[in-house]
Amino acid sequence: MTIREGKQGAAAGAAGRFRTPPPRIAIAGAGIAGLTMALLLARHGLNATVFERAAALEEVGAGLQLSPNALRVLDQLDLLPALREVAVEATSVDLRRSGGRRIASVPVHAEDDTPYLSIHRADLQAVLLAAVRGTPAITLQLGAELGRVSTDFSAATIEVETNGAREHDVVDLLIGADGVRSPLAKQARLAPAVPTGTTAWRTTIESADLPPEFRPANVVAWLGARHHAVAYPIRAGRAVNLVMIAPGQETDPASGETVPQQFRSWDSRLTGLIERAAPPTPWPLAGAPASRPFVIGGDRIVLIGDAAHAMAPYAAQGAGMAIEDAAVLAAAIAENADITAAARAYEAIRRPRIDKVRNRVAFHRFVYHLPLPFSLGRDTVLALRPKAALRSDLAWLYDWQPPGIVTAPA
Ligand SMILES: Cc1cc2nc3c(=O)[nH]c(=O)nc-3n(C[C@H](O)[C@H](O)[C@H](O)COP(=O)(O)OP(=O)(O)OC[C@H]3O[C@@H](n4cnc5c(N)ncnc54)[C@H](O)[C@@H]3O)c2cc1C
């Protein structure tokens with residue numbers, strides 16, 4: 001195994017103009033963060049090798065909401081047409097009380113017409129994977145698990161195990177996109193992601209099995225004391241994603257619990273979905289401690305996505321932040337002759353934004369789960385706010401613009 005260098009000379013875009021030889025970059029993990037990262041590096045004229053321990057990228061996860069901040073990055077990669085084919089565009093997030101009464105409708109459209117999409121994670125990954133396979137600058141190795149890594153001031157030495165065989169290589173930068181349980185973070189003895197004390201119960205329902213009144217056109221969120229549920233269409237409208245968030249760290253399906261009882265007495269539009277859904281899968285939610293660094297190993301290892309800052313999905317931004325991370329890190333690498341300076345610049349740019357999103361996650365958790373009588377105050381305040389004000393509350397999040405891509409000269 002030899003990690004390829006980036007393209008040489010003028011054809012390498014900004015990075016090539018500054019560096020000889022161009023950097024050797026490896027990425028651990030071919031999830032949303034890792035695939036997006038490789039594609040963006042390629043757009044900046046840089047090669048990358050992606051190591052993924054799974055032998056095949058199969059259907060993992062369930063539905064995701066992708067807001068305009070993330071989709072602007074995927075638009076830079078010309079992926080919006082392919083995403084629109086498999087996703088559904090939302091115009092608002094409708095907030096309802098647990099009994100069904102509408103509280104408010106929060107607009108999610110963007111002024112620049114970048115959509116807000118609901119999509120199955122597997123469909124998003126498939127679109128990214130097809131783009132990766134069509135990009136010669138990217139080497140994707142499936143069934144390749146990153147093992148021990150050592151760093152010094154000049155490079156990182158990585159060990160990769162493929163089919164029981166171990167190989168070593170030397171890279172200038174290792175990007176850890178290896179998920180919430182990041183083995184790289186563990187190796188660096190960073191504090192692990194900690195349970196949030198809540199579990200997401202996820203399932204999907206075929207739209208064909210649903211009477212029209214049970215098919216949500218937009219994103220719908222039902223709010224109740226210490227619980228909430230969210231439903232939205234995915235798979236170009238052929239299915240509905242349902243996630244129910246409840247207290248507890250349920251991990252054992254043998255415990256007999258299938259759907260937290262609380263939800264069975266909620267809005268009939270929700271119970272109608274529950275009755276027609278396959279038993280949901282419990283997904284205990286964890287978050288990475290905010291104090292953890294994103295850059296480790298003498299600035300030769302950079303963590304992105306859940307590996308850096310896994311957070312509970314109350315603001316629907318985990319994948320969005322992973323995609324934003326990739327845009328910022330790729331631009332920093334393209335702009336900095338010194339790759340360790342690029343790593344530090346990435347952390348400096350991303351940390352304040354990630355902290356702000358984390359605060360929003362905590363705020364949503366608090367507000368969504370308010371018990372009576374406090375929830376009545378919440379609902380009055382939300383109902384009185386004009387739609388434009390609800391949208392502008394989220395302008396800092398949804399109107400984020402990614403750094404530009406310096407296209408390689410022909
Ligand atoms: C219930 C729920 C709802 C959510 N809803 C939303 C939403 O609406 N919007 C949103 O933006 N986000 C949402 N998220 C969050 C989102 O799913 C994650 O933030 C996102 O998928 C993280 O992507 P990632 O690439 O960082 O990690 P992952 O998708 O976990 O990818 C990590 C990859 O690294 C590989 N790997 C691990 N270790 C190694 C190794 N040693 N060597 C090689 N490969 C390795 C793994 O096999 C995996 O493929 C939700 C999450 C949950 C749980």
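Modeller: Let's start with a term: a charge sits over a ring if NZ of Lys or CZ of Arg is within 6 Å of the ring centre and within 35 degrees of the ring normal. Keep in mind that we're looking at a predicted model.

Colleague: Okay, so how far from the ring centre of Phe294 is Arg351?

Modeller: Arg351 lies over the face of Phe294, and the distance to the ring centre is 4.2 Å. There's another case to look up: the charged end of Arg202 sits over the ring of Trp283, 4.4 Å from its centre.

Colleague: Now rings with rings. What describes a pair of aromatic rings?

Modeller: You want the distance of the centres and the angle of the planes.

Colleague: And how many aromatic pairs does a search of the whole structure find?

Modeller: Three. Take Phe263 and Trp266, one of those pairs: the ring centres are 4.8 Å apart and the planes are at 65 degrees, so this one is edge-to-face. Phe263 and Trp266 are both buried.

Colleague: What about the pair of Phe294 and Tyr346: what are the distance of the centres and the angle of the planes?

Modeller: Here the centres are 6.3 Å apart and the planes are at 50 degrees, so you'd call the pair tilted. As for where the partners are, Phe294 lies in the loop between strand 17 (281–287) and strand 18 (295–296), while Tyr346 lies in helix 10 (residues 339–368), so the pair ties together parts that are 52 residues apart in sequence. Phe294 and Tyr346 are buried too.

Colleague: Let's do burial, then. Is Thr199 buried or exposed?

Modeller: For that call, buried means under 20% relative accessible area. Thr199 has 1%, so it's buried. Thr199 is part of strand 13 (residues 194–206), and a polar atom of its side chain lies 2.7 Å from the backbone oxygen of Gly248.

Colleague: And Val243, is that one buried or exposed?

Modeller: Buried, with a relative accessible area of 14%. You'll find Val243 in strand 16 (residues 239–247). Check Trp201 as well: Val243 and Trp201 are 42 residues apart in sequence, yet their C-alpha atoms are 5.4 Å apart in space.

Colleague: Can we read a whole element that way? How many residues of helix 3 are buried?

Modeller: Seven of the nine residues in helix 3 (residues 68–76) are buried, so call that helix mostly covered. Among the buried ones are Pro68, Leu71 and Leu74. Just after helix 3, have a look at Asp78, which takes a positive phi of about 60 degrees.

Colleague: Last feature, the ligand. Which residues around the ligand come nearest?

Modeller: Of the 29 residues around the ligand, the nearest are Glu52, Gln65, Arg121, Asp306 and Ala319. By class, the shell has 14 nonpolar, eight polar and seven charged residues. Several elements each supply at least two residues of that shell, including helix 2 (32–43), strand 2 (48–52) and helix 9 (318–335).

Colleague: Which backbone contacts should I click on?

Modeller: Try Ile32, where a backbone N or O atom lies 3.1 Å from an oxygen atom of the ligand. A polar backbone atom of Ala33 is 2.9 Å from an oxygen atom of the ligand. On the nitrogen side, a polar backbone atom of Arg53 is 3.1 Å from a nitrogen atom of the ligand.

Colleague: How much of the ligand does the protein bury?

Modeller: Taken alone, the ligand exposes 1000 Å², and the protein buries 89% of that.

Terms used. Residues numbered from 1 in each chain as written. Predicted model: local features only at pLDDT ≥ 70, side-chain atom pairs only at ≥ 80, totals over all residues. Heavy atoms only, no water. Buried < 20%, exposed > 50% of the residue type's maximum accessible area, 1.4 Å probe, protein only. Helix = DSSP H or I, 4+ residues; strand = E, 2+ residues; numbered from the N terminus. Phe/Tyr/Trp six-rings, centres within 6.5 Å; stacked < 30°, edge-to-face > 60°. Polar contact = N/O pair within 3.5 Å; in protein donor to acceptor, adjacent residues only side chain to side chain. Near = heavy atom within 4 Å. Areas by Shrake-Rupley, 256 points an atom, 1.4 Å probe, with all protein chains shown as cover. Nonpolar A, V, L, I, M, F, W, Y, C, P; charged D, E, K, R; others polar.
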